[in-house]
Every structure is written in structure tokens, then in C-alpha cells.
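Here's a quick tour of a protein model for someone new to reading structures. Keep the picture open while you go through the points.

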Protein chains: 2
Amino acid sequence: MKKSIGAKTILYPTPVLVVGTYDKDGRPNVMTVAWGGICCSAPPCVTISVREATYTFGNLMENKAFTISLPHESYVREADYIGIASGKNENKFEVTGLTPVKSDMVNAPYVGEFPVVLECEVRHTHKIGLHTQFIGEIMDIKCDESVLGEKGRPHVEKVKPFIWAPDGTGYYALGEFLGKAFSIGKDYRQK
Amino acid sequence: MKKSIGAKTILYPTPVLVVGTYDKDGRPNVMTVAWGGICCSAPPCVTISVREATYTFGNLMENKAFTISLPHESYVREADYIGIASGKNENKFEVTGLTPVKSDMVNAPYVGEFPVVLECEVRHTHKIGLHTQFIGEIMDIKCDESVLGEKGRPHVEKVKPFIWAPDGTGYYALGEFLGKAFSIGKDYRQK
């Protein structure tokens with residue numbers, strides 16, 4: 001028997017996306033976003049949801065471009081701080097010592113220390129409620145060579161991303177391998 | 001120095017969302033969706049992206065309602081199969097032996113065996129490209145009592161969700177606790 005817990009924003013897993021933008025004066029900013037993910041395969045698109053009150057919102061409207069830097073688990077403190085502080089009051093790159101790198105594909109900065117970066121141009125904007133959704137076309141992905149696996153793709157066990165559990169607990173590392181996708185469930189097809 | 005790997009749909013972590021719908025004859029169907037996540041805090045909304053060619057797409061257009069059942073890691077085989085097969089050709093509930101339960105909030109079925117279920121009404125539909133995005137308002141969340149923690153919320157370590165890594169590897173379990181959110185990064189604010 002299941003118990004109703006009301007209408008809440010709980011889902012697992014939730015990503016930790018560090019969104020990079022420039023402000024109107026060209027200063028780099030980052031913000032940690034948990035409401036987002038891939039939303040289309042062709043063209044490859046990713047969505048992030050941002051409140052109007054944030055510094056990032058104005059930057060996105062101004063430049064129509066952003067990056068998503070995916071932090072290695074060793075950067076959990078930095079990612080948390082980047083989600084707490086506002087670029088209106090604090091220069092989050094300076095405070096953390098992280099390095100803003102200008103994308104060569106879009107007008108936005110990324111975090112040099114993070115192993116995987118998506119470079120995106122805003123294609124659609126939808127105001128849903130408290131949050132507005134920005135849909136970005138992924139123009140390129142940049143990776144540290146140290147996290148590349150087979151076929152020129154990153155390998156998740158080298159990237160070591162972490163997740164956020166939006167239930168009051170916190171951040172968790174990647175766990176053990178459970179099975180190959182589009183494969184481990186094939187047995188059911190032979191019934 | 002980062003290496004360009006081209007415009008791909010790689011992001012970590014990606015969720016494993018088992019989307020439940022009824023078809024026009026009232027038959028329950030499920031489909032595993034990785035392109036989705038929470039997209040607004042108020043009203044609480046979740047987005048899923050679905051190709052027009054899928055059986056679920058027609059069901060969503062017909063009923064404007066869906067559920068998301070979050071599988072425990074012991075159901076990785078079932079979740080994978082549900083992502084491979086089409087409800088046009090196979091009754092995925094019958095094949096897996098999973099139990100369709102009619103939601104008491106929305107016109108859609110959920111998976112009885114999965115510990116956490118979101119019940120959603122479609123509020124917006126956006127065709128992006130190959131995928132169309134359905135934004136659902138979360139009307140309620142239902143949980144097995146066995147996965148509840150403090151404050152009447154589910155606890156991620158009891159739910160034991162798993163993630164999909166869209167880089168050719170596969171599914172991974174939840175790993176170790178890394179830190180409390182909105183807390184572990186606070187030290188940076190005292191600088």
C-alpha cells in the first residue's frame with residue numbers, strides 16, 4: 001500500500017549542472033542547477049530551469065548561450081557553494097578559485113577544472129511557473145582526455161559525476177555498475 | 001586541454017523514468033524515459049521527452065496524463081526491457097509480471113512494485129525536434145512506507161534508484177554519501 005506524500009519536487013536521480021554565463025559586462029558567472037537534463041536527441045538539446053530572480057536568468061536572456069560543466073565528485077563543496085551564492089553579490093569563480101574558460105563555440109564561460117562541458121545556444125524559452133525553462137542546442141561537448149573511454153566518448157567511471165537527492169539528504173557518488181543498457185533486459189523479449 | 005567530441009547527448013546523471021499511460025482502449029502501458037527531470041518548483045512540474053513514433057506519445061496526447069514510477073535497483077532488467085520493447089507489439093506489464101495500478105489522482109497507471117510514483121497531468125507540450133517534451137504538473141507523489149525517512153519524505157538510500165550513463169556504458173547504482181546540500185559548500189561564504 002502506497003502512502004501519499006503530496007505534490008513535491010522529488011525525483012531520483014537529479015543532476016548537478018554547473019551553468020556558465022557571461023553578464024552584460026562580460027563577467028563570467030556560474031550557477032548550480034538541478035532542474036534539467038537532455039530533452040531531445042536530434043538536434044541534441046538540453047534543458048535547464050532557472051528562476052527569474054537569479055543572475056543567470058538575465059545573462060541567459062542577454063546572450064542566449066550557456067555552458068554546462070559537470071563536476072567530478074571531488075568538487076562537491078564548490079558545486080554546493082555555487083548553488084547557494086548569487087553572482088549579483090559574489091564572484092563565484094574568484095571565491096572558489098575555479099578557472100573561467102571562454103568557450104570557442106558559444107558566448108559563455110565554462111569551468112576549466114571540470115571534466116565534461118556542454119556548450120549550448122538557447123533555442124527556446126518557456127515560462128512554466130516559478131521557473132523558466134531554457135532549451136539549449138548542444139553545439140559541442142569538450143572533455144578532459146583523462147576521462148575519455150572507448151569510441152572517443154567519456155566514460156562515466158572516469159568522469160565520476162555525482163547526483164543530488166532532492167529529499168533533504170544531499171549529494172551521492174556514482175555506485176557500482178548494474179548492467180549494460182539495451183541489453184540486460186533482452187531476456188524478456190525471448191519469452 | 002579539453003578535447004572536442006562533437007554535439008552528442010551525453011550528460012551525467014541521467015534518470016531512469018518508467019512512464020505509465022493508458023491507451024485509447026484503457027490498456028496500461030509503460031515506457032522507460034531517460035530524457036526528463038524536474039523543471040519547475042511551483043507549480044511542481046516534471047518534463048519527459050518522447051518521440052512521436054512511440055506508443056506512449058499517442059497515449060499522452062489522448063489522455064493528457066501520466067505517471068512516473070521510479071524503479072529500485074533490483075528492477076534494472078525490467079526497466080531496460082521496458083525501454084527496448086514497444087507497447088504496440090508487447091504488453092510490457094504481462095511480460096515482466098509487474099502490476100499496473102490505476103492512479104487515484106490522474107488517468108494513468110503506475111508500477112505497483114516500484115517504491116516512488118509521481119502522478120502527473122500534462123500542462124504543456126513542445127515539439128523540439130525528434131523528441132516532443134511533455135510538461136506534467138505533479139499532482140501527488142505516492143511512496144511505499146518502507147522507503148520513507150524523516151519528515152514524511154522518501155529517503156534516497158531506501159529507494160535505491162539507479163542512473164543511466166548515456167555514454168555506452170549502462171546502469172549504475174547509487175554510491176556513497178558525499179555531503180549535505182546547501183551546507184557542505186557554506187565554508188566558501190565565510191571567506
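## The big picture

Of the 191 residues of chain A, 56% count as buried, where buried means that 20 or more other C-beta atoms lie within 10 Å of a residue's own, exposed means 12 or fewer, and partly exposed is in between, with C-beta atoms placed from the backbone. Keep in mind that this is a predicted model: local features need pLDDT of at least 70, side-chain atom pairs count only at pLDDT 80 or more, and totals for chains, interfaces and linings use all residues. Residues are numbered from 1 along each chain as its sequence is written, while chains are lettered from A and ligands numbered from 1 in the order in which they are written.

**Chain A overall**

- Chain A's secondary structure adds up to 4 helices and 12 strands; helices (H or I, at least four residues) and strands (E, at least two) are DSSP runs, numbered from the N terminus.
- The radius of gyration of chain A is 18 Å, close to the 16 Å from the globule rule for 191 residues, so chain A is as compact as a globular protein of that length. That radius is taken over C-alpha atoms, and the rule is 2.2 Å times the number of residues to the power 0.38.
- Along the principal axes, the C-alpha atoms of chain A fill a box of roughly 60 × 45 × 35 Å.
- Among the contacts in chain A with a separation of 6 or more, 61% are between residues 24 or more positions apart; two residues are in contact if their C-beta atoms, placed from the backbone, lie within 7 Å.

**A strand tucked inside**

- Strand 6 (residues 65-70) of chain A has 6 of its 6 residues buried, so it is largely enclosed by the rest of the structure.
- In a regular strand, side chains alternate between the two faces of the sheet.
- Both faces of strand 6 of chain A are covered, with A:A65, A:T67 and A:S69 buried on one side and A:F66, A:I68 and A:L70 buried on the other.
- Strand 2 (residues 17-22) of chain A runs antiparallel to strand 6 of chain A and is joined to it by 3 bridges (two strands pair if DSSP finds at least two bridges between them). One of the matched pairs is A:V18 with A:S69.
- Strand 6 of chain A also pairs with strand 9 of chain A, in the antiparallel sense and over 6 bridges. Here A:T67 has A:E119 as its bridge partner.

**Spotlight on A:H126**

- A:H126 sits in strand 9 (residues 116-127) of chain A.
- A:H126 counts as partly exposed because it has 18 C-beta neighbours inside 10 Å.
- Leaving out residues up to four places away in sequence, A:H126 touches A:T132, A:Q133, B:H124 and B:H126.

**Where the two chains meet**

- The contact takes 93 residues from chain A and 93 residues from chain B.
- On the side of chain A that touches chain B, strand 12 (residues 170-180) of chain A gives the largest share, 11 residues.
- By class, that side of chain A has 50 nonpolar, 23 polar and 20 charged residues. Ala, Val, Leu, Ile, Met, Phe, Trp, Tyr, Cys and Pro count as nonpolar, Asp, Glu, Lys and Arg as charged, and the others, Gly among them, as polar.
- The copies meet through the same surface, because 100% of the interface residues of chain A are also interface residues in chain B.
- Helix 2 (residues 76-84) of chain B is mostly covered, with 7 of its 9 residues buried. What covers those buried residues includes strand 12 of chain A.

**A shared sheet**

- Strand 12 of chain A and strand 12 (residues 170-180) of chain B run antiparallel, joined by 7 bridges.
- A:G170 is matched with B:K180, and A:L174 has B:L174 as its bridge partner.
- An open sheet of 4 antiparallel-paired strands has the order 11(A)-12(A)-12(B)-11(B).
- Strand 11 (162-164) of chain A and strand 11 of chain B stand at the edges with a single partner strand each, so one side of each has no neighbour in the sheet.

**Symmetry**

- A turn of 180° and a shift of 0.0 Å along the axis lay chain A on chain B with an RMSD of 0.0 Å. The two copies are thus related as by a two-fold rotation axis. Copies are superposed by least squares on the C-alpha atoms of residues with pLDDT of at least 70 in both.
- Which residue of chain A comes closest to the rotation axis? A:G175 does, at 1.8 Å (C-alpha).
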